[in-house]
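The following exercises are addressed to a reader who meets this structure for the first time. Each task is followed by a solution that proceeds step by step.

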Amino acid sequence: MDELKAPQCTDGPQKIHSAIRTLWLISSLTSCAIGATATIVMEYAFLRSLDLNWRIPVVTPIFWILTVTWSVAMIKRRWASWLYEVTDREVVLKWGVWNRVERHIPRDRVQHVDITSGPLARKLGLAHVHLYVAGAHGAVGAIPGLTPEEADDLRRMLVEAQAEHV
């Protein structure tokens, strides 16, 4: 029976799955496409209201091309910044390109763990883990981009540790 017992800690800091970059890319491109469409239509309407001979929006498409280029370039850095670790006392989450965040969640405060996966994440073989602690409203930590097996192992690691304290 001891062979089936989940490990109690991760073996040092762990990276999230690289497929999350595809999910972030699709999300970023979708948001940019929606924003670009809306602002280009507004710029066209504005130029038309000025009754100018040229009515082709120029400023907005240039802005959105730069925005998409920047977003795509930042995805790899965002992925590279993500680390998580489960120690015997806490769950440590580290992320952020510009503003680095390091969140320490005491293991003995973790009440429950949710594993979520939207349609695109499922297609890419990804799941997200959300950690909830006593006394907090909503999740206090989330780890994106784990395989379903990694997410389940993490959940089992934290839930079994809590069950031992009861």
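## Exercise 1. The chain as a whole

Of the 166 residues in the protein chain, 32% are buried, where buried means under 20% relative accessible area, exposed over 50%, and partly exposed in between (1.4 Å probe, protein chains only). The model is predicted: local features need pLDDT of at least 70, side-chain atom pairs count only at pLDDT 80 or more, and totals for chains, interfaces and linings use all residues. Residues are numbered from 1 along each chain as its sequence is written, and side-chain values use heavy atoms, with hydrogens and water left out.

Task. Describe the fold pattern and the overall dimensions of the protein chain.

Solution.

Step 1. The protein chain holds four helices and seven strands; helices (H or I, at least four residues) and strands (E, at least two) are DSSP runs, numbered from the N terminus. In sequence order the pattern reads β-α-α-β-β-β-β-α-β-β-α.

Step 2. The radius of gyration of the protein chain is 22 Å, whereas a compact globule of 166 residues would have one near 15 Å. This radius is taken over C-alpha atoms, and the globule rule is 2.2 Å times the number of residues to the power 0.38. Along the principal axes, the C-alpha atoms fill a box of roughly 80 × 30 × 25 Å.

Step 3. Among contacts (heavy atoms within 4.5 Å) between residues at least 6 apart in sequence, 50% join residues at least 24 apart.

Step 4. About 10500 Å² of the protein chain is exposed, and carbon and sulfur atoms supply 60% of this area. Accessible areas come from the Shrake-Rupley method with a 1.4 Å probe; for residues, only the protein chains shown count as cover.

## Exercise 2. Helices α1 and α2

Task. Compare the span of each helix with its expected value, and state which elements its buried residues pack against.

Solution.

Step 1. Helix α1 has 30 residues and reaches 43 Å from its first C-alpha to its last, close to the 44 Å expected. The expected span is 1.5 Å times one less than the number of residues in the helix.

Step 2. The buried residues of α1 include W24, C32, E43 and L47. Packing partners of the buried α1 residues are α2, α3 (119–123), β6 (127–133) and β7 (141–146).

Step 3. E43, a residue of helix α1, is buried at a relative accessible area of 13%. Leaving aside residues up to four places away in sequence, E43 touches P57, V58, V59, T60 and P61.

Step 4. Just after α1, D51 takes a positive phi of about 55°.

Step 5. Helix α2 (residues 59–81) has 23 residues, and the 33 Å from its first C-alpha to its last is close to the 33 Å expected. At M74, α2 bends by about 30°, the bend being the angle between axes fitted to the seven residues ending there and the seven starting there.

Step 6. M74 is also one of the buried residues of α2, as are T60 and W64. The buried residues of α2 pack against β1 (14–15), α1 (20–49), β2 (83–86) and β3 (90–95).

## Exercise 3. Salt bridges in α4

Task. How many salt bridges does a search of the whole structure find, and which residues do they join into one network?

Solution.

Step 1. The search finds three salt bridges, each a side-chain nitrogen of Lys or Arg within 4 Å of a carboxyl oxygen of Asp or Glu.

Step 2. D152 pairs with R155, their closest N and O atoms being 3.0 Å apart. These two residues are three apart in helix α4 (residues 148–165), so about one helical turn separates them.

Step 3. D152 also meets R156 in a salt bridge of 2.3 Å, N to O. D152 and R156 lie four residues apart in α4, again about one helical turn.

Step 4. An α-helix has 3.6 residues a turn, so residues three or four places apart point the same way.

Step 5. R156 forms a further salt bridge with D153, at 3.2 Å between the closest N and O atoms. Through shared partners, the salt bridges join D152, D153, R155 and R156 into one network.

Step 6. The relative accessibilities are 23% for D152, 25% for R155, 27% for R156 and 40% for D153. D153 therefore counts as partly exposed.
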